[in-house]
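Colleague: Thanks for making time for this one. Could you take a close look at the charged side-chain pairs with me, and then place them in their surroundings?

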Amino acid sequence: MAVIREAADKIYEIKPEGKELECFPLCTVYLVVDDNAALVEVGYPVQIPDILEAVGQLGYDIRKLSYIIPTHVHPDHAGGAGLLARQLPQTKVVAHSRAVKVLADPSILERMMQVSKQVYGEDAIERFGEMVPIAAEKFVKVEDGNSISLGNRELKVIHTPGHDPNHLCFLDTRSRGVFCGDALGAYFSEIEVLFTCPVPGSDPFLFLQSIEKLKKLKPERVFFSHGSAAEDADKIIQSALDVTRQCNDTALEALKAGEDQKEVARRLIEIMAGSSDLARSHLSDWPYFIPIAVEGYRQYFKKNQMI
């Protein structure tokens, strides 16, 4: 089951049912409707039945969908894109030109599935489903500054590397809301925490530059892919900047000093949780914090000979 709500004018949030932190890494997806319609994010293959049901409940014929738009290639965002694209012959998949090579190559997708197992456990494929390649002719390749027209609204393409080299955000011209993928992290509204740390393969400093790029656009709302849509975008983006800067500096200092992963995680959680004991408790118990955040920092700093 999915929880459906209209997050902005004709933008429908389709969110996994349950508490946000517990649902992770399942993804929130958005149906954007105009003369043409787009699905921003797909999530894992296991989410497709719920997406199809939700779109049907909204009274929209999924066969008329013009675009599938994953923000980046990671399985929790684009994992179901290949499977869904095969069911919709007329639908195109929007991706950065370099991301196309990833999503079309079965050998690369297989390696991504193996990484997913390392983070989420050996049963990750059984739990979430397996990525399948997308045929080359299905793609619409985009770059920074391009636009996807849906009729009376456009989705402006913003290249936001850091979390992933080919990560894209999309600014909706009607709502002035930005579909941020993972460029601002995940926002767990139930405990009021913004989780902005890198993942293995990320560049935490490019991540910071991309947040600054989004801030300059002055969006009015943020459509999170992990969590929910939120207003007061300026406050959220500034918080993402502040937390990311502190986490980058703290992680480097801690790892240089040889602190173990649990201690590094504790220090990062203190920054994210602030004065909230509830947030601190939930993040401390979250099984993915160390394999995602701490390992992401460790790999980057080691690769760049900073530790």
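What do the side chains of Arg 245 and Glu 212 form where they meet?

Modeller: Happy to, with the reminder that this is a predicted model. The side chains of Arg 245 and Glu 212 form a salt bridge, with an N to O distance of 3.2 Å. This pair ties together distant parts of the chain, since Arg 245 belongs to helix H9 (residues 233–256) and Glu 212 to helix H8 (residues 204–217), with their positions 33 residues apart in numbering. Neither partner is buried: Arg 245 is partly exposed at 34% relative accessibility, and Glu 212 is partly exposed too, with a relative accessible area of 29%. In general terms, oppositely charged side chains can pair when their charged atoms come close.

That contact belongs to a wider set, as the count comes to 17 salt bridges. Another one joins Asp 9 and Arg 174, whose closest N and O atoms are 3.1 Å apart. Here the two residues are 165 residues apart: Asp 9 sits in the loop between strand S1 (2–8) and strand S2 (11–16), while Arg 174 sits in the loop between strand S10 (168–172) and strand S11 (177–181). Asp 9 is partly exposed, at a relative accessible area of 42%, and Arg 174 is likewise partly exposed, at 31% relative accessibility. The story does not end with two residues, for Asp 9, Asp 34 and Arg 174 are linked in a network of salt bridges.

For a local pairing, look at Glu 263 and Arg 266, whose side chains meet in a salt bridge at 2.7 Å, N to O. These two are three residues apart in helix H10 (residues 261–273), so about one helical turn separates Glu 263 from Arg 266. Glu 263 has a relative accessible area of 27% and counts as partly exposed; Arg 266 is partly exposed as well, at 42%.

Now for the surroundings, beginning with the sheet that includes S1 and S2. It is an open sheet of seven strands in the order S1-S2-S3-S4-S5-S6-S7, and its pairing is mixed. S1 and strand S7 (139–142) are the edge strands, each pairing on one side only. On average, neighbouring strands of this sheet are turned by 25 degrees against each other, direction ignored. Within the sheet, strand S5 (residues 67–69) and strand S6 (residues 92–96) pair in the parallel sense over two bridges, and Tyr 67 has Lys 92 in S6 as its bridge partner. Helix H2 (residues 48–57) lies across S1, S2, strand S3 (29–33) and strand S4 (37–40), and runs at about 55 degrees to S1.

S2 also leads us to the empty space inside the model. The structure holds two cavities of 30 Å³ or more, and the largest cavity contains about 80 Å³ of space. Its lining includes Lys 15, Pro 16, Glu 20 and Cys 23, along with Phe 188, His 226 and Gly 227. S2 and helix H1 (20–23) each supply at least two residues of that lining. So if you trace the chain from Asp 9, in the loop between S1 and S2, you can follow S2 on to the lining of the largest cavity.

Key. Residues are numbered from 1 along each chain as its sequence is written. This is a predicted model: local features need pLDDT of at least 70, side-chain atom pairs count only at pLDDT 80 or more; totals for chains, interfaces and linings use all residues. Side-chain values use heavy atoms; hydrogens and water are left out. A salt bridge is a side-chain nitrogen of Lys or Arg within 4 Å of a carboxyl oxygen of Asp or Glu. Helices (H or I, at least four residues) and strands (E, at least two) are DSSP runs, numbered from the N terminus. Buried means under 20% relative accessible area, exposed over 50%, partly exposed in between (1.4 Å probe, protein chains only). Two strands pair if DSSP finds at least two bridges between them. Axes are lines fitted to C-alpha atoms, for helices over the stretch in contact, and angles run from 0 to 180 degrees between N-to-C directions. Contact means heavy atoms within 4.5 Å. On a 1 Å grid over the protein atoms alone, a cavity is a set of points where a 1.4 Å probe fits but cannot get out, and a pocket is an open set with protein on both sides within 12 Å along at least five of seven lines; lining residues have an atom within 4 Å of a point. Grid points are joined across faces, edges and corners, and a volume is the space filled by probe spheres set on the points.
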